[in-house]
Every structure is written in C-alpha cells, then in structure tokens.
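I opened the notebook today to go through this structure step by step. These entries record what I looked up, in the order in which I looked.

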Amino acid sequence: MSEFDREDGVSRRKVLECMTWVGTGVLWTIAGGVPHSLGLIDQAVAQEAGGLTFLQISDSHVGFDKPANPNALGTLEEAINRVNALPKKPAFMIHTGDISHLSLASQFDDADRIISRTRLDVHYVPGEHDFLDPEQKFYRERYGRGTKGVGWYSFDANGVHFIGLVNVVDLKAGGLGFLGAEQLEWLEDDLSGRSASTPIVVFAHIPLWTVYPDWGWGTDDSAQALSYLKRFGSVTVLNGHIHQVMQKVEGNVTFHTARSTAFPQPAPGAAPSPGPMKVADDKLRSMLGIADVTFRQGEQRLAIVDTPLQA
Amino acid sequence: MHATLRAMIVAAALGAAVAPLLAAVVPPVQAQNAPTAVSIDNFIFTPQTLTVKAGTAVTWANKDDIPHGIAWMKNAFTKSKALDTDDSYSLTFTTPGTYAYFCYLHPHMTGTVVVEAATDDAAH
C-alpha cells in the first residue's frame with residue numbers, strides 16, 4: 001500500500017521520508033500494456049523490459065536559489081547524470097512542468113543545456129512557473145511546436161497512447177488547476193474511436209485528482225477529463241507540482257505524482273503552507289536517490305518503499 | 001519602568017499636540033494610520049480585505065520563497081508581473097468600488113480591496 005496516500009494518513013516520519021525523493025526521476029516501463037514503475041532512476045536496474053521504458057522528471061525550477069536548495073540547476077544536473085548512467089537507455093523522457101522558476105529565457109536555456117545531455121526525446125508539459133514571462137511566449141516557442149492551444153498534444157509509442165495536458169493557464173480565482181472547455185473538447189475527440197484496450201498515459205503538471213484543495217493541489221475540471229478515460233482498461237496519470245510522491249488507484253486509473261529535482265515540499269497540511277521545505281544542506285544531498293517505487297504483482301497499487309542509503 | 005512611563009507621557013502629550021494638525025491635513029481615516037500594505041506570506045494575503053480611501057496606493061510584498069502574481073477579477077486592472085521573494089507591487093486606486101483579486105500562480109489565494117470615496121461620510 002502507499003505510505004503517502006492521503007487517505008492513509010501521513011505521519012511525521014513519513015513526511016520526512018517524502019522529502020527523500022528530491023533529485024531523481026522515476027523510470028517507467030510498460031509491459032503487457034500496463035505501466036510499471038521500476039523505481040528511482042539511480043536504483044533502477046536495466047531490466048530487460050520487453051515493452052517500452054520511459055523516464056519522468058519534474059519540477060526542475062531552474063533559477064531557484066532559496067535556502068531550500070541554493071543550486072537547483074546543480075541537482076537537475078545530478079538527476080540527468082543519473083539518467084545517463086542508466087545501463088539501458090529509456091525510449092524517451094517526459095518532463096511534467098516547472099522547468100524554470102520564473103520563465104526567464106536564461107533559465108530555459110540552462111535547463112535545455114543540462115537536459116539535452118541525455119540525448120533523449122523529451123516531451124514537456126508546462127507548469128505555472130513556465131508561463132510567467134510577460135507575453136507568455138517562451139514556453140510555447142521552445143516546447144510548443146506542433147501542439148494545440150497553449151500546448152496540449154498526444155503521441156503514440158509502442159502501442160501506448162500518450163496525452164500531454166496543460167492545466168496551468170487561465171486559472172480562475174478561488175480555483176485549482178484548470179483544463180478549460182477547448183482542451184476538454186480536444187481530449188474527447190482525441191480519444192474517440194480508440195480501442196478501449198489501448199493503454200493510455202496522461203501527463204500534466206498539477207495533479208488531475210484532488211490531493212489537497214486547501215493548497216490548490218487538484219484540477220477543477222479533471223472529472224470531465226477522467227470521464228472520457230473511463231472506458232479504457234489501463235490509464236496512468238502522471239503529474240508533478242507537489243514535489244513528493246503520492247499515488248492513488250481508482251478503478252482502472254493509476255494516479256502518480258513525481259518528486260522535484262529542485263526542492264521538497266511538505267506533505268499536505270504538515271506545514272502552514274506548501275512553500276519550499278528547508279532541510280539541512282547535507283541532509284538534502286544525502287537524501288538523493290534513497291527511495292524507490294516498485295510494482296508488485298498481485299497488488300492493485302504501485303508500492304512506494306522508502307529505502308534510505310544512509311540511516 | 002520609569003522610562004516606559006515617561007515615554008508614554010511624552011507620546012500622549014505629542015499626540016494631543018499633533019492630532020489637530022493631522023486632522024487639518026488628511027482625512028480622519030488616514031490619520032488613524034489605516035494600513036495600505038498587503039503582505040503575502042505562507043500563501044495568504046494579509047489582510048484578506050483591505051479598505052482604503054480613493055487615491056490610496058496599496059502595496060503588496062511577497063515574503064514567500066516562491067513567486068506569486070496578482071490578477072484582478074473582471075480584468076479590473078492589469079495583472080502584476082511575477083513577484084519573486086521580497087518583490088513588491090503597488091497600485092493606486094482612484095475609483096470607489098470593491099476589487100477582488102487572486103494569485104495567478106496559486107488561484108486558491110484570494111483577496112479584496114474596498115475603495116471608499118475620498119470625501120468622507122464616516123465623519124458623521
């Protein structure tokens with residue numbers, strides 16, 4: 001079972017364990033149409049996965065230099081080094097947003113310079129931090145080619161249908177993440193006519209399920225999007241934004257959030273606000289790559305197991 | 001103790017002397033040091049509702065380690081640029097009314113500015 005699942009309650013110890021996720025990515029593999037998490041990228045062994053293997057990184061916040069991590073570019077670089085050290089190259093990578101901290105051209109440049117070292121195709125969706133330039137054009141110019149609206153799109157790989165959604169634009173007062181009517185219409189259309197046996201992977205920045213509305217951790221109109229996905233036998237929803245691993249399984253849908261490569265955030269309600277969580281400098285680094293996500297046959301949920309490298 | 005007492009007496013004496021002068025120059029509500037600043041701290045606008053007289057400049061200051069931005073309902077005003085840590089944003093309100101705003105990065109953060117007519121009815 002998930003130790004981070006909100007419904008299961010979050011102890012202080014678990015909160016500390018959540019913090020250990022910063023700095024790496026999750027390696028995903030799809031065998032037999034079902035995505036399995038192989039664990040943290042630094043621990044992931046190059047399993048001879050018969051199907052498709054891809055990687056997720058998130059929330060690199062390039063330009064962030066506050067006490068919670070004065071060198072967010074450095075930890076992104078570490079994460080990328082770990083990707084490059086994988087014995088088996090993933091097919092591609094997805095980045096679930098907040099590439100930059102303030103949407104400065106220099107921040108996007110720095111992110112690209114580091115991430116491109118993987119020589120992998122990277123499929124991006126934006127976070128709210130990627131639309132802060134006055135004309136809101138940098139993200140779209142760099143990553144939005146061939147996408148619809150403000151940056152949504154879909155593609156196929158090894159029989160799996162991937163859908164990148166944008167839920168960080170045109171947010172409404174008092175609300176959460178927002179997809180909007182135009183994008184929902186596109187989604188319905190994109191899915192129509194597809195076989196229900198097609199495995200679907202949806203990725204977006206803000207969680208598409210309600211994690212903690214008091215902190216804005218959810219998407220106002222995600223229920224509409226999920227209603228279009230109901231008939232599919234295997235749906236995996238990958239998000240970022242909350243800088244910690246959480247997961248939930250609802251019917252055929254597995255929801256999973258990835259950690260950040262930049263700084264940890266507190267577990268829901270564990271602090272006065274969701275702001276960056278400061279830990280001792282040496283602790284932050286020693287925490288890198290010390291927990292993993294595994295799929296166990298016979299269990300409905302992905303299992304998140306905390307495995308510290310240093311006690 | 002004595003120092004404190006003395007300070008209080010001095011303050012009271014000064015207040016008595018200065019108050020009539022202030023009243024002559026600025027509207028009574030301003031003389032009471034009505035706040036014109038909103039702090040952004042722990043993802044909350046404080047005060048949540050700020051009441052000012054028309055002509056007042058209101059300043060928002062971000063105390064969080066994460067950027068925030070201010071957008072106005074009904075696009076009443078141009079949104080602020082993204083406010084990084086310790087950045088601030090000011091807006092002068094000239095027209096009485098109730099103006100609701102939210103953070104365009106974290107829209108669950110909301111606040112209101114109530115602007116009252118500068119000619120003061122509250123004096124009655």
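Which pattern does chain B follow when it is read along the sequence? I noted beforehand that I was working with a predicted model, and then I read off α-α-β-β-β-β-β-β-β-β for chain B, which I entered as two helices and eight strands.

I next looked up burial and contacts in chain B. Of its 124 residues, 25% count as buried, and among the contacts between residues at least 6 apart in sequence, 50% join residues at least 24 apart.

I then turned to a helix pair in chain A. Helix α2 (residues 72-84) of chain A packs with helix α3 (residues 105-115) of chain A at an angle of about 20 degrees, and I recorded their axes as 9 Å apart. Because angles under 35 degrees count as roughly parallel, I wrote down α2(A) as roughly parallel to α3(A). The crossing of α2(A) and α3(A) I entered as right-handed.

For the residues in this contact, I listed Leu73(A), Leu76(A), Glu77(A) and Ile80(A) from α2(A), which meet Asp110(A), Ala111(A), Ile114(A) and Ile115(A) from α3(A). Sorted by character, the residues of the contact of α2(A) with α3(A) come to six nonpolar, no polar and two charged.

Last, I looked at how the chains touch. Chain B brings 19 residues to the contact and chain A brings 18 residues. On the side of chain B that touches chain A, I noted 10 nonpolar, five polar and four charged residues.

Terms used
Residues numbered from 1 in each chain as written. Chains lettered and ligands numbered in written order. Predicted model: local features only at pLDDT ≥ 70, side-chain atom pairs only at ≥ 80, totals over all residues. Helix = DSSP H or I, 4+ residues; strand = E, 2+ residues; numbered from the N terminus. Buried ≥ 20, exposed ≤ 12 C-beta atoms within 10 Å, placed from the backbone. Contact = placed C-beta atoms within 7 Å. Axes fitted to C-alpha atoms, helices over the stretch in contact; angles between N-to-C directions. Parallel < 35°, antiparallel > 145°, perpendicular 65-115°, else oblique. Left-handed = near helix turned anticlockwise from the far one by under 90°. Nonpolar A, V, L, I, M, F, W, Y, C, P; charged D, E, K, R; others polar.
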